[in-house]
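Colleague: I am new to this structure. Please choose one part of it and take me through that part closely.

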Amino acid sequence: MGVIAIRVLAAGALSGTEARHPLGSPMVEPIGTGSSYRIDVERARRLELLLREGLADSVIELAVRFVISHEAVSTALVGYSTLEHLEYAATAANKGPLSADVLDRIAALQNSFAGETR
């Protein structure tokens with residue numbers, strides 16, 4: 001049995017911006033760990049620490065590579081508004097899975113969200 005990873009980019013929150021692409025849904029319910037889309041975006045921005053260390057070119061790349069790092073995942077539904085978005089996701093996937101160290105760092109950042117009320 002395969003595993004499908006849905007909304008890999010958390011409905012756009014992992015873009016790191018609250019601005020919605022004109023072709024994207026104008027509003028989305030929270031899809032990440034927060035109680036609002038704004039909070040999901042703020043939390044996604046915390047992953048930028050890993051970018052400054054050169055571990056990826058963008059949070060979007062991190063998200064795509066995070067998903068393909070899990071062997072059980074057989075299908076990833078990224079979601080995109082343009083052909084450019086699709087090509088970027090494919091380029092990210094072609095870079096391959098993240099290292100165990102980077103996965104551990106992401107898990108630690110995710111765990112830091114626990115207990116936050118905002």
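Modeller: Start with one term: a contact means heavy atoms within 4.5 Å. This is a predicted model, where local features need pLDDT of at least 70, side-chain atom pairs count only at pLDDT 80 or more, and totals for chains, interfaces and linings use all residues. Residues are numbered from 1 along each chain as its sequence is written, and side-chain values use heavy atoms, with hydrogens and water left out.

First, the setting. The protein chain has five helices and two strands (DSSP runs numbered from the N terminus: H or I of at least four residues for helices, E of at least two for strands). From the N terminus, their order is β-α-α-α-β-α-α. Of the 118 residues, 32% are buried (under 20% relative accessible area with a 1.4 Å probe, protein chains only; exposed is over 50%, partly exposed in between). Among contacts with a separation of 6 or more, 70% join residues 24 or more positions apart.

The part to look at is the largest nonpolar core (buried Ala, Val, Leu, Ile, Met, Phe, Trp, Tyr and Cys joined through side-chain atoms within 4.5 Å). The core holds 25 residues. Leu-14, Leu-47, Leu-62 and Ile-106 have the most contacts inside it. Helix 1 (37–45), helix 3 (59–68), helix 4 (83–94) and helix 5 (100–111) each give at least two residues to this core. Helix 3 supplies the largest share, five residues.

Take Leu-62 as a way in. Leave out residues up to four places away in sequence, and Leu-62 touches Leu-47, Leu-50, Leu-51 and Ala-56, along with Leu-98, Val-102 and Ile-106.

Now turn to helix 1. Its buried residues are Tyr-37, Ile-39, Asp-40, Val-41, Arg-43 and Ala-44. Helix 2 (48–52) and helix 3 are among the elements that cover them.

Helix 3 also packs on helix 4. Their axes (lines fitted to C-alpha atoms over the stretch in contact) lie 8 Å apart, at an angle of about 55° (N-to-C directions, on a scale from 0 to 180 degrees). The two helices are therefore oblique to each other (under 35 degrees is roughly parallel, over 145 roughly antiparallel, 65 to 115 roughly perpendicular, and the rest oblique). On the helix 3 side, the contact uses Ile-60, Glu-61, Val-64, Arg-65 and Ile-68. Helix 4 meets them with Tyr-88, Ala-89, Ala-92 and Ala-93.

Asp-57 sits just before this, in the loop between helix 2 and helix 3. Asp-57 is exposed, at 57% relative accessible area. Still, its C-alpha atom is 9.0 Å from that of Ala-92, 35 residues along the chain. Neighbours within four places aside, Asp-57 is in contact with Leu-51, Tyr-88 and Lys-95.

Helix 5 carries Arg-105. At 26% relative accessibility, Arg-105 counts as partly exposed. Arg-105 touches Leu-49, Leu-50, Glu-53 and Leu-55, again without residues up to four places away. Arg-105 and Leu-50 are 55 residues apart in sequence, yet 8.4 Å apart C-alpha to C-alpha.

One last stop lies toward the start of the chain. Arg-7 is in the loop between strand 1 (3–6) and helix 1. Its phi is near 55°, a positive value in a residue other than glycine. Most residues other than glycine have a negative phi. Arg-7 is partly exposed, at 37% relative accessible area.
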